[in-house]
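Please consider the structure shown below. The account that follows leads from a strand to its partners and then to the nonpolar interior.

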Amino acid sequence: MTGSATFSIGLFCGSRDGDDPGYREAAEQLGAAIARRGWTLVYGGSSIGLMATAANAALHGGGRVVGVMPKSLVQRELVHAALSELRIVETMSERKELMAHLSDAFVVLPGGIGTMDELFEVWTWHYLGAHQKRCVLINVNGFYDTLLAQVAQMSNQGFLAADAADALLVSADIGSAIDMLATAQEPQ
């Protein structure tokens, strides 16, 4: 763990809801499950999209929610007004770095290019040895099937080592993702 009093989960997901209602349902389930476990949710601090859905569910369940947002997005008034804590940073790069520092493990729900950027950055950091934090991709309703096929292609063609591919854990549902995250909390 990062030294925090509670286990913290960094969440990467969309600032939009997406077209499948299952994405929103998964975000609600994840936020509620994090609160039930007494964990802290660390996320981008937004008041919109799947990010806000997960944060609202965690807050509603009595959980602690920390938002990390660049000044440029605060100025657009996208900041969530009811967070336990809000950290303002200068850039998106600083946002990712602080979220990684504050998080003991990471979970990824459906999202767009920002979500992909965050996923690949923490996954790369893991591979390079910058951290040993668990990263769980939740493949809600097959959203990440094509990405996972591309990861397999990179591995099959010799561009991705087996241990790098294995470092990205994949779950089809919130329950098994929470179990994967819980084992990361156990002393090694």
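The following paragraphs describe strand 1, its pairing, and the nonpolar cores of this predicted model.

Strand 1, which spans residues 8-12, is mostly covered, with 5 of its 5 residues buried. Ser8, Gly10 and Phe12 point one way from this strand, whereas Ile9 and Leu11 point the other way; residues of both sets are buried.

Two pairings involve strand 1. With strand 2 (residues 40-43), strand 1 pairs in the parallel sense over 3 bridges, and Ile9 stands opposite Leu41 of strand 2. Between these two strands the chain passes through helix 1 (residues 21-37), and the resulting β-α-β crossover is right-handed. With strand 5 (residues 105-108), strand 1 again pairs in the parallel sense, here over 4 bridges. Within strand 5, Val108 is the bridge partner of Phe12.

The interior may now be considered. The largest nonpolar core contains 31 residues, and those with the most contacts inside it are Leu11, Leu30, Leu109 and Ile138. At least two residues of this core come from each of strand 1, helix 1, strand 2, helix 2 (49-60), strand 5, strand 6 (134-138) and helix 8 (174-185). Helix 1 gives the most, with 6 residues.

Which residues does Leu30 contact, leaving aside its neighbours within four places in sequence? Leu30 is in contact with Leu11, Val107, Leu109, Ile138, Ile174 and Ile178. Separate from the largest core is a second core of 23 residues, which includes Phe106, Cys135, Tyr144 and Val151.

Technical notes. Residues are numbered from 1 along each chain as its sequence is written. This is a predicted model: local features need pLDDT of at least 70, side-chain atom pairs count only at pLDDT 80 or more; totals for chains, interfaces and linings use all residues. Side-chain values use heavy atoms; hydrogens and water are left out. Buried means under 20% relative accessible area, exposed over 50%, partly exposed in between (1.4 Å probe, protein chains only). Two strands pair if DSSP finds at least two bridges between them. A crossover is right-handed if, with the strands pointing away from the viewer, the path from the first strand over the helix to the second runs clockwise. A nonpolar core is a set of buried Ala, Val, Leu, Ile, Met, Phe, Trp, Tyr and Cys residues joined through side-chain atoms within 4.5 Å. Contact means heavy atoms within 4.5 Å.
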